[in-house]
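Here is a relaxed walk through the structure shown below. Have it open and turn it as you read.

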Amino acid sequence: MEILMAFLIGILFMAATYLMLSKSLLRIIIGTGLLSHGAHLLILTMGGLKRGAPPLLGEHAATYVDPLPQALILTAIVISFGVTSFFLVLAYRAYQELGTDNMDRLRGKEGHE
Amino acid sequence: MNNLIIFPILIPLITGVVLIFFAKNIMVQRWISAISALIVIIVSFMQANLVYHDGIQTMDVSNWEAPYGITLVSDMLSSLLVLTTSIIAFAALIYSFQSIGEAREKFYYYPVVHFLIVGVNGAFTTGDIFNLFVFFEVMLMSSYVLLVLGGTKIQLRESIKYILVNVISSALFVIAVAYLYSVVGTLNMAHISVRLSEAGNTGIITVLAVLFLIVFGLKGAIFPLYFWLPGSYYAPPAPVMALFGALLTKVGVYSITRTFTLFFYHDVGYTHQLLQILAILTIISGVIGALAFTDIKKIVIYNIIVAVGVILFGVSVLTPESLTGAVFYLIHDMNIKAALFLLIGIIIAITGTSDLNKISGLINRYPGLGWTFFIAGLALAGIPPLSGFAGKMMIVRAGFETENYIGAFVVLMSSLLVLYSIMRIFIGGFWGTPRAYKNEDKAPVKWLLIAPAVLTAFAVLYGLGTEAVYPVISAAAETLANPEIYIHAVLKE
């Protein structure tokens, strides 16, 4: 199971890197989304997969899954959701204002309006 | 257990939330902001005083005992940085009243500044590695808003790059924490330190150290990860630049200092050597930038990078003296960078340009501005008896004592070139024939000068009173040099 997850995370990172290296702003944002998905799955895998019952009080299971990574993922998902939505709005505004979503044309001259 | 240490985080948070409701009433916003910032200064002073007399203060949030819950830890270094942050935030707010403009004030400028302070103070205070990530994100989210607020073309363009860099570095942070968790199975920083000393598997720990160095290096702008900084910090107005330049990179530097003295101090052969080489290269590239540009904003921005290198060189030498010097220099630099950014903000407000070739002769009409800038520039370079001197001297001496001749020499040479880069602004901008500038009469120079003048006065006092503050700073460095003190205070073993 861990091996399978390692491949999945690797593919996600690969796709994210490819998208982030492209010129279109929208593809870059999708790339950051995939990157954070990969990172979240990595936390899940690092906490150990399939180790037993859910970690509930009163369940008295002999083995139970480590709940901490799940709590971390929940926090990280909320944060990356917030950042991605902000990034999307910013991209739209920048497109309206600057008239392009091509990163090459967004370079601008140093210190110039 | 002490509840006092959460107040520098809680007060700005509540203030920020309250201010959202008064968005359109500027006077109310200004008063609440100033009063709240003043209260935070008082509270953080009390906290620093308490830590100095009674040792490290901790607070287990919701009474979940360490290492199970989130613990806030205030040692001497954290509390000093929180105090410095509050003073700079207050100065930047006072300065903003007359310079930031009504449009920004009506669109949530003040609430966002307070949220930024929440993130910075939280990052300095927390004792939990994942909580550090959360406070980083609070701080970054506010910085995105501050950077883009105003919506000019250059701001939009630079914000996109800034956000992209930081999103990637946040993902790397999560990945680094995930790896660390799989090795040690805990998130409490003191507990991580204990488990890492027990683990003994140095290969994976070295990988972790380098991963954390990349994550925090991106925020702290070390070589070669500083590429985003000159462009992004150029875009926003002066008070925002002061907040960014004084606080944001220093949070990265603080995190590197914390992790490299608390977690990765067992096998220093590879990691600290790497840190040292990068610190030296950071200084060199910063100095080259500071000398290359004739734009006053760019010159001061590149000086941020020089200072980051100097502090991290002190950290990488890892002797009690060099750490004392690094802490000394860290606090000095936060203060003086804020002052310099506010001062060049005034120059830009008067002249309407940041190009050094178009400015000259300012000292005739603005002697107060000129001399404040002169003193701030001398303090930045570390001319005795001003504030940069003591820290740099300790760093250089520790460097020579541990036979790191190249690094110590580069730090020494950098002071000379930093002095040259700043004096170039003074000579070019303040000397020479006076010119007429179109915005000249509109700029409220007297009011704007208050905040940077107070900060410069602090720099003078900090330098003259080195003897008096030395015990406080060396107490901070002692905790860094002996992680057992920190661990013992948090885990109470």
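What follows is a short tour of a predicted model, stop by stop.

## Chain A and its listed spans

Let's begin with chain A. An unreviewed UniProt entry lists residues 6–21, 28–49 and 69–95 of this chain under "transmembrane region". How does the model draw residues 6–21? That span is 94% helix and 0% strand, and its end C-alpha atoms sit 23 Å apart. For residues 28–49 the figures are 86% helix and 0% strand, with 31 Å between the end C-alpha atoms.

## Where the chains touch

Now look at the place where chain A meets chain B. Here 29 residues of chain A are in contact with 27 residues of chain B. On the chain A side, the elements that give two or more residues are α2 (25–46) and α3 (68–98). Which of them gives the largest share? That would be α3(A), with 15 residues.

## Two helices in chain B

Over in chain B, try finding α13(B), which runs over residues 296–317. Its 22 residues should span 32 Å at 1.5 Å a residue, and the end C-alpha atoms are indeed 32 Å apart, so the two figures agree. Is this helix mostly covered or mostly open? It's mostly covered: 22 of its 22 residues are buried. Just past the end of α13(B), B:Leu318 takes a positive phi of about 60 degrees.

Next up is α18(B), residues 405–430, a helix of 26 residues. From first C-alpha to last it reaches 37 Å, close to the 38 Å expected at 1.5 Å a residue. Its buried residues include B:Gly407, B:Val411, B:Ser414, B:Val418, B:Ile422 and B:Ile425. As a rule, an α-helix has 3.6 residues a turn, so residues three or four places apart point the same way. What covers the buried part of α18(B)? Among the elements that do so are α12 (268–292), α14 (320–351) and α17 (388–401) of chain B, and α13 is on the list as well. After α18(B) comes B:Gly432, with a positive phi near 90 degrees.

## A helix pair

Two of those covering helices, α14(B) and α17(B), also pack against each other, with axes 7 Å apart and an angle of about 150 degrees. An angle over 145 degrees counts as roughly antiparallel, so that is how α14(B) and α17(B) lie relative to each other. Their crossing is left-handed.

Who meets whom here? On the α14(B) side the residues include B:Glu321, B:Phe328, B:Tyr329 and B:His332. Those they meet in α17(B) include B:Lys392, B:Met394, B:Ile395 and B:Arg397.

## Backbone oddities in the loops

A few spots in the loops of chain B deserve a glance. The peptide bond from B:Phe223 to B:Pro224 is cis, with omega near -10 degrees, and B:Pro224 belongs to the loop between α9 (202–220) and α10 (229–234). Another cis bond links B:Pro384 to B:Pro385, with omega near 5 degrees; B:Pro385 sits in the loop between α16 and α17.

Finally, visit the loop between β1 (57–60) and β2 (71–74), home to B:Ser62. B:Ser62 isn't a glycine, yet its phi is positive, at about 60 degrees. B:Asn63 is in that loop too, and again a residue that isn't glycine has a positive phi, about 65 degrees. Are they buried or exposed? B:Ser62 is exposed, with 6 other C-beta atoms within 10 Å, and B:Asn63 is exposed with 8.

Conventions. Residues are numbered from 1 along each chain as its sequence is written. Chains are lettered from A and ligands numbered from 1 in the order in which they are written. This is a predicted model: local features need pLDDT of at least 70, side-chain atom pairs count only at pLDDT 80 or more; totals for chains, interfaces and linings use all residues. UniProt positions are given in the numbering used here, feature names are shortened, and annotations may be inferred rather than shown by experiment. Helices (H or I, at least four residues) and strands (E, at least two) are DSSP runs, numbered from the N terminus. The expected span of a helix is 1.5 Å times one less than its number of residues. A residue is buried if 20 or more other C-beta atoms lie within 10 Å of its own, exposed if 12 or fewer, and partly exposed in between; C-beta atoms are placed from the backbone. Two residues are in contact if their C-beta atoms, placed from the backbone, lie within 7 Å. Axes are lines fitted to C-alpha atoms, for helices over the stretch in contact, and angles run from 0 to 180 degrees between N-to-C directions. Angles under 35 degrees count as roughly parallel, over 145 as roughly antiparallel, 65 to 115 as roughly perpendicular and the rest as oblique. A crossing is left-handed if the near helix is turned anticlockwise from the far one by less than a right angle, and right-handed if clockwise.
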